[in-house]
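Open the model in your viewer and keep the selection tool ready. Each stop below says what to select and what is there.

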Amino acid sequence: MSTPAVQASAVGKVFASRSGDVIALEGIDLTVAAGEFVSLIGPSGCGKSTLLRLIADLDTPTTGEVTVFGRTPQQAREAQDYGIAFQQAGLLPWRTVTANVQLPLELHGVGKAERAARAADLLSLVGLDEFAGHFPHQLSGGMQQRVAIARSLAERPSLLLMDEPFGALDEMTRERMQTELVRICAESGAAVVFVTHSIPEAVFLSQRVVVMTPRPGRISAVVPVDLGQARGEGLREDASFFAAVTAVREALHGMPVPTPGGTRADLR
Ligand SMILES: Nc1ncnc2c1ncn2[C@@H]1O[C@H](COP(=O)(O)OP(=O)(O)OP(=O)(O)O)[C@@H](O)[C@H]1O
């Protein structure tokens, strides 16, 4: 078996605050295989973003260990093993679309011709070839988010870390972006850890949905989503899709998950 994209072992995170310690995460054990798409879902404050930040080396665990392709998160960051996309596209307004996509490559000393070729490929992948010379303010929110995704793929990461990347989009754009993300992941082979509040979004995108509970933030259930690789628009109206949505909803509400093979930890 290949090295997992992410391995979290007995991970805990405590934040000190004026009103006392906040146990953001406790006893988190999670393995994400190379090429696997895993969503984290759970009520506000259950530690989804904190877990993603630990994987991304934006913070460090209080207890336990996180590895990314067998390395520490810091080593993985330095090796450019992963790309990041958050709710705000975070594009630089004074740079054109292509210059935004090229930015990580520029920072790592990739030559001009290679940068331009890679950006052209990526903009084609996200369907924005015609907008390479535009500035971010000339694009819709969904288009800006696609630029951000193109940028996160610039260095061919084997892992994408995404924190509600479609949270600010209208429902139609959001569904289109989900379909595109499925296609992009299939083409790039990247593993994804995806934070969302939307059950249908988690189900549509993921091979497994990790359900978390707050105070302290723990994994309460892991729901496998067995919908195959070819996830087109038709899937959203399929009985298997509704069954998976129900399974995740029940896991979120702390009821038994009927899906065969689903694991469910003690909710305590
Ligand atoms: N830097 C920090 N300092 C103190 N407490 C923090 C910090 N970051 C997060 N927390 C606390 O840790 C807990 C988990 O926060 P986190 O942002 O990871 O939750 P979340 O599940 O992503 O929430 P949401 O769905 O609302 O984005 C919360 O109680 C939050 O207040």
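Select Ile-84, which is found in strand E5 (residues 82-86). Helices (H or I, at least four residues) and strands (E, at least two) are DSSP runs, numbered from the N terminus. This is a predicted model, in which local features need pLDDT of at least 70 and side-chain atom pairs count only at pLDDT 80 or more, while totals for chains, interfaces and linings use all residues. Residues are numbered from 1 along each chain as its sequence is written.

Is Ile-84 buried or exposed? Ile-84 counts as buried because 21 C-beta neighbours lie inside 10 Å. A residue is buried if 20 or more other C-beta atoms lie within 10 Å of its own, exposed if 12 or fewer, and partly exposed in between, with C-beta atoms placed from the backbone. Leaving aside neighbours within four places in sequence, Ile-84 is in contact with Ala-56, Ser-152 and Leu-161. Two residues are in contact if their C-beta atoms, placed from the backbone, lie within 7 Å. Now add Leu-52: Ile-84 and Leu-52 are 32 residues apart in sequence, and their C-alpha atoms are 9.8 Å apart in space.

Go next to Ala-76 in helix H2 (residues 73-78). Ala-76 has 24 C-beta neighbours inside 10 Å, so it counts as buried. Beyond four places in sequence, the contacts of Ala-76 are Val-68, Phe-69, Arg-71, Asp-81 and Tyr-82. For a longer distance, select Ala-221: its C-alpha atom is separated from that of Ala-76 by 28 Å, and the two are 145 residues apart along the chain.

From Ala-76, step to its contact Phe-69. Phe-69 is in the loop between strand E4 (63-68) and H2. Phe-69 has a positive phi of about 50 degrees although it is not a glycine. With 19 other C-beta atoms within 10 Å, Phe-69 is partly exposed.

Another residue to check for phi is Arg-215, in the loop between E8 and E9. Arg-215 is not a glycine, yet its phi is positive, at about 45 degrees. Arg-215 is partly exposed, with 13 other C-beta atoms within 10 Å. The peptide bond from Arg-215 to Pro-216 is cis, with omega near -10 degrees. Pro-216 is also in the loop between strand E8 (208-213) and strand E9 (218-224).

Now select Ile-55. The largest nonpolar core has 75 residues, and Ile-55 is among those that touch the most other members, along with Leu-161, Val-192, Val-193, Val-211 and Val-248. A nonpolar core is a set of buried Ala, Val, Leu, Ile, Met, Phe, Trp, Tyr and Cys residues joined through C-beta atoms within 7 Å. Outside four places in sequence, Ile-55 is in contact with Val-6, Val-66, Val-68, Pro-73, Leu-161 and Val-193.

Turn to the ligand. Which residues are closest to the ligand? Of the 13 residues that surround the ligand, the closest are Phe-15, Ala-24, Ser-44, Ser-49 and Thr-50. A residue is near a molecule or strand if its C-beta atom, placed from the backbone, lies within 6 Å of it. Strand E1 (6-17), strand E2 (20-32) and helix H1 (48-55) each supply at least two residues of this shell. H1 gives the most, with 3 residues.

Last, show the whole chain. The chain has 8 helices and 10 strands, and 41% of its 268 residues count as buried. Its C-alpha atoms fill a box of roughly 55 × 45 × 40 Å, taken along the principal axes.
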